[in-house]
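Okay, thanks for making time, everyone. I'd like to walk you through a bit of helix packing, so let me put the structure up.

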Amino acid sequence: MTTIDQAAAVAGVRLDALSGKRTAFIDRWIYVFMASSFVAIVLAGFIPDSLVQMAAVEAKQRPPFPLVLHLHALLMGAYLLLLLTQTSLVATGHVAAHRLLGMAGAVLAAALVVVGFVLIPTIYHQVFDGLRAAPPLVRPQVLGLLTFLENIMLVQGRIGIVFAILVFLGVRARATDPGFHKRMMILSIAGALPAAFDRIKWIPTTLPERPLSSDLYILVAIAPMFLWDVFRNRRVHRAYWIWLAVAAPFTLAVHTLWDTPFWHATVKRLMGV
């Protein structure tokens, strides 16, 4: 390990305390644990909800899922599995294979952002069309869903923008600052976890009134990595400060605009309805 660290130092690669002591079990496997926990959170949220939604489609209580939704689910699943694979490769010392797969991660991330921003208006128009076709007794329920969907679009927009920025920063630092790179790749996808947390029915939530619970659960999700980082390094790594600096303005915008007449009117103009 010392030889690797010395070679990295000569090459100008920045190694933090965690990167320099991979012989410690937690140092090597904390990122695998984080990726595994993210997969578990997504499965806990989406599997039960998907079963309910598929039953509703079969009962003709809702329209079929659009193709872009299936594509988004496929890309997100592939990205999470790739993240788990990448962290496992590094933990087991297969760094060369990790680097070879890095480009696939960048391509998947870009595809996720594009498909995500296509999905948002697609779902909105599907619900809006359902509102126009709904019988009078059902219209209040569909209208409430549409109103909630307009609010959720704030969170979805934040996820797409922040994810893109953080992945860019993480990928750019992959060769010069591996400590920053590995943390940023975890933090970038953590911001998308509210989509899963919001579907877990047995945990407390502040929705639909406020999105506070969604933001708090992100902090819970990254807590193991953050707490171990602080304990191991005796400091807060700069990756967390950059993550906070990027995410905070968009989070403030979400809470400021949530359920305001201005935002609902703006969404309708943007969606052309």
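I'll go through one helix and its surroundings, then a helix pair. Keep in mind that this is a predicted model.

So, helix H10, residues 261-271. Which residues are buried here? That would be Trp263, His264, Thr266, Val267 and Met271. Why do they end up on the same side of H10? Because they cover an arc of only 160 degrees around the axis. Now look at the face turned away from that buried side: Pro261, Phe262 and Arg269 sit there, and they're exposed.

What do the buried residues of H10 pack against? Three helices: H4, running 95-133, H5, at 139-172, and H9, at 238-257. And right after H10 you get Gly272, with a positive phi, near 70 degrees.

Okay, on to the pair. Two packed helices are described by the angle between their axes and the distance between the axes. For H6, residues 178-190, and H8, residues 212-233, the angle is about 160 degrees and the axes are 10 Å apart. Anything over 145 counts as roughly antiparallel, so H6 and H8 are roughly antiparallel to each other. Their crossing is left-handed.

Who's touching whom? From H6, you've got Arg183, Ile186, Leu187 and Ala190. On the H8 side they meet Ile218, Ile222, Met225, Asp229 and Asn233. Sort that contact by class and you get 6 nonpolar residues, 1 polar and 2 charged.

That's my bit, happy to rotate the view if anyone wants another look.

Notes. Residues are numbered from 1 along each chain as its sequence is written. This is a predicted model: local features need pLDDT of at least 70, side-chain atom pairs count only at pLDDT 80 or more; totals for chains, interfaces and linings use all residues. Side-chain values use heavy atoms; hydrogens and water are left out. Buried means under 20% relative accessible area, exposed over 50%, partly exposed in between (1.4 Å probe, protein chains only). Helices (H or I, at least four residues) and strands (E, at least two) are DSSP runs, numbered from the N terminus. The arc is that of the directions from the helix axis to the C-beta atoms. Contact means heavy atoms within 4.5 Å. Axes are lines fitted to C-alpha atoms, for helices over the stretch in contact, and angles run from 0 to 180 degrees between N-to-C directions. Angles under 35 degrees count as roughly parallel, over 145 as roughly antiparallel, 65 to 115 as roughly perpendicular and the rest as oblique. A crossing is left-handed if the near helix is turned anticlockwise from the far one by less than a right angle, and right-handed if clockwise. Ala, Val, Leu, Ile, Met, Phe, Trp, Tyr, Cys and Pro count as nonpolar, Asp, Glu, Lys and Arg as charged, and the others, Gly among them, as polar.
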